[in-house]
Amino acid sequence: MAKKVISPHLTIYEPQVSSVFSIFHRITGGTMTLVFIVTMLWTLGKWSFALDPTVGPYWVLILAFEPEILKMCVVVMTACICYHFSNAIRHFVWDMGFGFSNEAVLRTATFGLILTSVLFLFATWFFVLPTFF
């Protein structure tokens, strides 16, 4: 008996600009949600430790979040926010009914990448780096 492929569409179709950007938009959204949840848990753990220093799980969080790891998380989160924001502008343009031609999709994708880069460099230079030093 031949082994059937579960998702043949993944092997048939080539990745398109809009599908790749959509996948990364979902990944950055999920990443931001996960970081937000972990940050809230870390903050709650910090508060509970301040109220009762015998709380055990907080020490695990402190060991997991070394300063270098936190700095890396801040930079990655900044990149996710910049990309997600830039791609959201693109989606708003699509929601208004514009930019569905192949040429417009490529133009808005290029604009989104340039805007992401500019926002990331600006945010990193003026907001992230000064907090590290």
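I take buried as under 20% relative accessible area, exposed as over 50%, and partly exposed as in between. F126, at 48% relative accessibility, therefore counts as partly exposed. I note that the model is a predicted one.

**Entry 1: overall layout**

I started with the secondary structure. The protein has five helices and zero strands. Read from the N terminus, its elements run α-α-α-α-α. I then looked up burial for the chain. Buried residues account for 22% of the 133 residues. Next came the contacts with a separation of 6 or more. Of these, 72% join residues that are 24 or more positions apart.

**Entry 2: aromatic pairs**

I searched for ring pairs and found four aromatic pairs in the structure. One of them is F122 with F126, a tilted pair at 4.8 Å centre to centre, with 50 degrees between the planes. Both residues sit in helix α5, residues 102–132. They are four residues apart, about one turn of the helix. F122 also pairs with F127. That pair is edge-to-face, with 6.0 Å between centres and 75 degrees between the planes. Ring pairs thus link F122, F126 and F127 into a cluster.

I checked how accessible each ring residue is. F122 has 44% relative accessibility, so I log F122 as partly exposed. F127 reaches 55%, and because the cut-off for exposed is over 50%, F127 counts as exposed. F126 was settled at the top of the page as partly exposed.

**Entry 3: R90**

Which helix holds R90? I found R90 in helix α4, which covers residues 67–95. R90 is buried, yet I found no salt bridge for R90. The nearest side chain of opposite charge is D95, 11 Å away.

What does the side chain of R90 have within reach on the backbone of V105? A polar atom of that side chain lies 3.3 Å from the backbone oxygen of V105. I also checked for a ring beneath the charge. R90 lies over the face of F21, at 4.9 Å from the ring centre.

I then listed the contacts of R90, leaving aside neighbours within four places in sequence. The list is V17, S18, F21, V105, T108 and A109. F21 and V105 are thus among the contacts of R90, F21 offering its ring face and V105 its backbone oxygen.

**Entry 4: L115 and T116**

I moved back to helix α5, where L115 is found. L115 has a relative accessible area of 18%, so L115 is buried. Leaving aside neighbours within four places in sequence, L115 is in contact with S86 and I89. I also looked up L115 against N87. The two are 28 residues apart in sequence. Their C-alpha atoms are 9.3 Å apart in space.

T116 is in helix α5 too. Is T116 buried or exposed? I log T116 as buried, because its relative accessible area is 12%. The side chain of T116 reaches the backbone oxygen of G112 at 2.7 Å. Not counting residues up to four places away in sequence, T116 touches C82, Y83 and S86. S86 therefore appears in the contact list of L115 and also in that of T116, with contact taken as heavy atoms within 4.5 Å.

**Entry 5: page summary**

I close with the main items. R90 is buried without a salt bridge, and R90 sits over the face of F21. L115 is buried, and T116 is buried. The ring cluster consists of F122, F126 and F127.

Note on methods: Residues numbered from 1 in each chain as written. Predicted model: local features only at pLDDT ≥ 70, side-chain atom pairs only at ≥ 80, totals over all residues. Heavy atoms only, no water. Helix = DSSP H or I, 4+ residues; strand = E, 2+ residues; numbered from the N terminus. Buried < 20%, exposed > 50% of the residue type's maximum accessible area, 1.4 Å probe, protein only. Lys, Arg positive; Asp, Glu negative; His and termini not counted. Salt bridge = Lys/Arg side-chain N within 4 Å of Asp/Glu carboxyl O. Polar contact = N/O pair within 3.5 Å; in protein donor to acceptor, adjacent residues only side chain to side chain. Phe/Tyr/Trp six-rings, centres within 6.5 Å; stacked < 30°, edge-to-face > 60°. Lys NZ or Arg CZ within 6 Å of the ring centre and 35° of its normal.
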